[in-house]
Amino acid sequence: MTKVFTKPDKPRLFFKHMMREMFKLGFTSIPIVAIISLFIGAVIALQMALNFDSPLLPKIYIGLATREVLLLEFSSTVIALILAGKVGSNIASEIGSMRITEQIDAMEIMGLNSANYLILPKVVALVIFNPFLTALSSILGIIGGGLLVDITQVIRIVDYINGIQFVFNEFYVFYGIIKMAVFSIIITTIPAFYGYYASGGSLGVGQSSTRSIVASSVFILVFDLILTQLLLQ
Amino acid sequence: MIEVKDIYKSFAGKEVLKNVSAVFEQGKTNLIIGQSGSGKTVLLKCIVGLHEVDSGEIWFNNNILFNKLSFKEKKEMRKQIGMLFQGSALFDFANVEDNVRFPLEMFSDMSREEQDERINFCLKRVNIINANKLFPSELSGGMQKRVAIARAIAFSPKYLFCDEPNSGLDPRTSILIDNLIKEITEEYKITTIINTHDMNSVMEIGDKVVFIHEGEKWWEGSKDNILHADNKELNDFVFASKMAKTLKGYVEKSS
């Protein structure tokens with residue numbers, strides 16, 4: 001940990017690597033986040049419409065409930081779990097392969113702090129970029145719900161839009177972003193740890209990748225509970 | 001010059017190196033030979049500091065006790081060390097040019113033009129031409145080794161370590177790599193330690209040879225007297241192949 005979170009040898013190169021990682025790990029995650037958010041947003045809206053069947057419940061609650069589910073849990077926690085699979089396996093296998101092919105040893109021989117060089121740019125890049133994915137997911141999820149409502153006419157689109165705007169608490173947006181920033185540290189450091197200490201050839205790299213995804217998923221769920229308790233009480 | 005004194009190293013209670021002492025001379029190609037699993041790679045990695053020794057001393061140039069240096073001192077010292085790994089260990093994310101540029105970019109204040117000049121010099125020195133933009137996966141095994149040598153010498157090291165430099169190479173390319181390492185060693189007067197089990201390398205470039213058997217040093221000498229050594233384990237190793245046994249017959253006849 002202390003090896004990772006130290007001042008980089010060359011700040012200019014660190015910035016360059018960080019931008020590269022931001023593109024490689026963050027920007028390329030946009031399509032999967034967009035597709036999942038659109039569809040899950042539509043499914044949530046549909047399920048809310050089917051379950052809020054009582055004439056006593058105003059229809060605007062369908063939009064309201066869809067928004068709250070997306071903002072509070074889906075766009076941060078569920079997206080983080082998806083990214084733990086996509087980004088985590090990428091990090092663990094990349095660093096693990098470098099370990100077993102002695103590329104990390106080659107860096108150490110040169111006198112480079114390999115943990116800092118390889119891991120810190122990924123952590124910083126995703127802590128900065130992933131909150132944007134959370135915001136994007138919330139927006140696309142709400143649009144997905146809107147499209148579903150518009151196409152199926154399960155409720156009037158006006159009711160859905162009114163529900164989306166009804167008693168809006170801005171803090172929920174920040175709550176999702178704060179959670180995602182913390183989850184991003186988990187998504188990057190745990191797979192990096194497993195990859196960095198990988199051994200036993202390609203089989204070992206595969207195992208480290210699998211273990212890292214399981215471990216980071218559990219940590220995300222535990223921290224979800226802790227952060228919810230801390231931030232929403 | 002590098003001297004190791006009474007080196008002990010064990011992993012999970014299993015002793016891999018036992019009381020190893022040896023001197024590796026400057027401007028010469030020093031070879032560590034032995035069977036697979038004899039402990040020669042562990043010895044090499046202990047010397048370069050990739051493994052911490054359990055006990056013993058590693059002296060660089062008679063005045064630097066390398067294994068007792070602080071992290072910061074070791075970091076400085078590493079700028080004088082180049083290493084060629086068994087699998088080349090070229091960075092997959094960088095092309096040939098950027099692999100050689102890596103140590104220059106990280107540890108020097110050279111301008112981009114100066115770096116380019118040095119890169120082209122090093123690549124030319126190892127006969128890599130018109131391959132600057134190729135990635136490691138696009139290179140043959142021999143080319144990868146040569147690029148790795150270029151990267152190792154980019155920072156003009158005083159010490160060069162090679163872990164089985166001709167593993168996976170055909171005999172002809174092996175000789176080319178061996179001779180390249182020897183030329184560089186003599187040209188820049190560096191202390192080179194090569195870890196190998198290839199007897200062709202021993203006979204080609206072995207200025208000084210250290211034989212390791214079951215984690216202990218069993219013999220020390222040069223390529224000129226290895227064939228006449230009075231050491232059963234060494235003889236079993238040297239004359240393991242049918243070709244070597246035939247050659248031994250010729251040597252005995254001629255003497």
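Me: Hi! In S8 of chain B, which residue is the bridge partner of B:Thr29?

Reply: Happy to help, bearing in mind that this is a predicted model. Strand S3 (residues 29-33) and strand S8 (residues 191-196) of chain B run parallel and are joined by five bridges. For B:Thr29, the bridge partner in S8(B) is B:Thr192.

Me: Nice. What is the strand order of the open sheet of six strands in chain B?

Reply: The pairing in this open sheet of chain B is mixed. At its edges are strand S6 (81-84) and strand S10 (216-221) of chain B, each pairing on one side only. Read across, the order is S6-S7-S8-S3-S9-S10.

Me: And which strands does helix H5 of chain B touch as it packs on that sheet?

Reply: Helix H5 covers residues 141-153 of chain B, and its direction makes about 170° with that of S6(B). The strands it touches are S6 and S7 (159-163) of chain B.

Me: Turning to the open sheet of four strands in chain B, why is one side of S2 and of S5 left without a neighbour?

Reply: The order here is S2-S1-S4-S5 in chain B, with antiparallel pairing. Strand S2 (14-24) and strand S5 (64-65) of chain B therefore each lack a neighbour on one side, because they stand at the edges with a single partner strand each.

Me: Which residue in S4(B) stands opposite B:Ile2?

Reply: Strand S1 (residues 2-11) and strand S4 (residues 55-60) of chain B run antiparallel, with five bridges joining them. Opposite B:Ile2 in S4(B) stands B:Phe60.

Me: Last one: at what angle to S1(B) does helix H1 of chain B run?

Reply: Helix H1 (residues 40-48) lies across S1, S2 and S4 of chain B. Its angle to S1(B) is about 115°.

Definitions and conventions:
Residues numbered from 1 in each chain as written. Chains lettered and ligands numbered in written order. Predicted model: local features only at pLDDT ≥ 70, side-chain atom pairs only at ≥ 80, totals over all residues. Pairing = 2+ DSSP bridges. Helix = DSSP H or I, 4+ residues; strand = E, 2+ residues; numbered from the N terminus. Contact = placed C-beta atoms within 7 Å. Axes fitted to C-alpha atoms, helices over the stretch in contact; angles between N-to-C directions.
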